[in-house]
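Here is a short report to read alongside the model. Keep the sequence and the 3D view open as you go.

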Amino acid sequence: MRNKTLIIALALVLGLGWTISCALGETLEPSNAAVTGILDVHGQAEITVEPDTVTVRLGANISRKDEKAAYAQANGIINQVLASMKALGVPDNKIKTSAMSVTRQYDYRVTPYKLTGYNANVALTVTLNDFTLINTVIDAAMENGANEVGDLAFSYSDVGEIYRQALQQAVEIARRKAEIMALAGGVELGMLLRMTEAGQNYYPKYYMNASMDMAASSESTSAQVMAGEISVTANVDLSYETLR
């Protein structure tokens, strides 16, 4: 009795489905397409943007026989650099201490090693959104005794949104590539079987650390820093059925 009830219920459901399909004007026909294989395609999209943020590390690296003397001189230079940053209008929340250390220096050519002095390193990292200030900031730091300028990097604050745009473009490129390949191969595209994010690349502009020896030269040259562009790249892999 229970089996009969189930069969009747199933028949009612199928009949209802047929009624709805007919009401919508759909024609239910079995597909004669046969799956012939799988087509794998790769899509890559790259978007370049102008950076809106720059960071730079300004440091004082001092070696002296006396530990306290080395630290005092390095710290004194950085205090002067800090004062010059504030004079230029750089906000306090855009300046942070990024290094403060004193290390021993040895002569390793003798045994036992001989202590020859101390090296003090104190540094600030400055973040700017006004790119017209970057050259002035570097010049001011050097004029106040900084002998290291490094970790200069340009970046974009909302790189996530740019990556989402690149990812969408990468999917569209991969889909178009699949359509072209299917047409050339004499097959039709079937169901999308798999879609995989194949990695992202974000290329902020970095510059190597540099010891600004020219700060001590009487013929020093003002800094000239150019921002350039930043590249954001998205990669995807798609897999489709191919039909004939």
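## Thr116 and its surroundings

Let's begin with Thr116, which counts as partly exposed because its relative accessibility is 31%. Keep in mind that this is a predicted model. Thr116 belongs to strand β4, which covers residues 114-128.

Which residues does Thr116 meet beyond its neighbours within four places in sequence? The contacts are with Lys65, Gln105, Tyr106 and Asp107. Arg104 can be placed relative to Thr116 as well: 12 residues separate the two along the chain, and their C-alpha atoms are 7.8 Å apart.

## Overall architecture

Stepping back, the protein contains four helices and nine strands. Along the sequence they come in the order α-β-β-α-β-β-α-β-α-β-β-β-β. Of the contacts with a separation of 6 or more, 85% are between residues 24 or more positions apart.

The protein has 244 residues, and 32% of them are buried. Its accessible surface is about 15600 Å², with carbon and sulfur atoms accounting for 54% of that area.

## Thr53 at the start of β2

Now turn to Thr53, a residue of strand β2 (residues 53-64). Is Thr53 buried or exposed? Thr53 counts as buried, because its relative accessibility is 12%, below the 20% cut-off for that class.

The side chain of Thr53 takes part in two polar contacts that are worth displaying: one with the side chain of Asp52 at 3.0 Å, and one with the side chain of Asn129 at 3.2 Å. Asn129 also appears among the residues that Thr53 touches once those up to four places away in sequence are set aside. The others in that list are Thr127, Leu128, Phe131, Ala153, Phe154, Ser155 and Ser157.

## Two nonpolar cores

The largest nonpolar core is made of 31 residues. Val56, Leu58, Val81, Met85, Val126, Leu128 and Ile134 have the most contacts inside this core. At least two of its residues come from each of β2, α2 (67-87), β4, α3 (134-143) and β5 (148-155). There is also a second, separate core, with 17 residues, including Ile47, Ala166, Ala234 and Tyr240.

Val126 is a handy residue to select if you want to look around the largest core, as it is listed there with the most contacts. Apart from its neighbours within four places in sequence, Val126 is in contact with Val54, Thr55, Val56, Leu58, Met85, Val90, Lys94 and Ile95.

## The enclosed helix α3

Why is α3 described as largely enclosed by the rest of the structure? The reason is that eight of its 10 residues are buried. These are Ile134, Asn135, Val137, Ile138, Asp139, Ala140, Ala141 and Met142.

The cover over the buried residues of α3 includes β2, α2, β4 and β5. After α3 comes Gly145, which has a positive phi near 105°.

## Salt bridges

How many salt bridges does the structure hold? There are five, and three of them are described here. Asp92 and Lys86 pair through their side chains, with an N to O distance of 3.9 Å. Asp92 is exposed, at 53% relative accessible area, whereas Lys86 is partly exposed, at 45% relative accessibility.

Helix α4 (residues 159-185) holds both Glu161 and Arg164, which are three residues apart, about one turn of the helix. Their side chains form a salt bridge of 3.1 Å, N to O. Glu161 is partly exposed, with a relative accessible area of 29%. Another pair in α4, Arg175 and Glu179, is four residues apart, again about one turn of the helix. The closest N and O atoms of this salt bridge are 3.1 Å apart. Arg175 is partly exposed at 35%, and Glu179 is partly exposed at 38%. An α-helix has 3.6 residues a turn, so residues three or four places apart point the same way.

## A nonpolar patch on the surface

Finally, have a look at the surface around Ile38. Together with Met191 and Leu193, Ile38 forms a nonpolar patch with about 320 Å² of accessible area in total. Ile38 sits in strand β1, residues 35-49, and counts as exposed because its relative accessibility is 59%.

Notes. Residues are numbered from 1 along each chain as its sequence is written. This is a predicted model: local features need pLDDT of at least 70, side-chain atom pairs count only at pLDDT 80 or more; totals for chains, interfaces and linings use all residues. Side-chain values use heavy atoms; hydrogens and water are left out. Patches are made of residues with over 30% relative accessible area and no salt bridge: like charges are joined within 9 Å, nonpolar side chains (Val, Leu, Ile, Met, Phe, Trp, Tyr) within 5 Å. Accessible areas come from the Shrake-Rupley method with a 1.4 Å probe; for residues, only the protein chains shown count as cover. A salt bridge is a side-chain nitrogen of Lys or Arg within 4 Å of a carboxyl oxygen of Asp or Glu. Buried means under 20% relative accessible area, exposed over 50%, partly exposed in between (1.4 Å probe, protein chains only). Contact means heavy atoms within 4.5 Å. A polar contact is a pair of N or O atoms within 3.5 Å; within protein, one must be able to donate a hydrogen and the other to accept it, and residues adjacent in sequence count only if both atoms are side-chain atoms. A nonpolar core is a set of buried Ala, Val, Leu, Ile, Met, Phe, Trp, Tyr and Cys residues joined through side-chain atoms within 4.5 Å.
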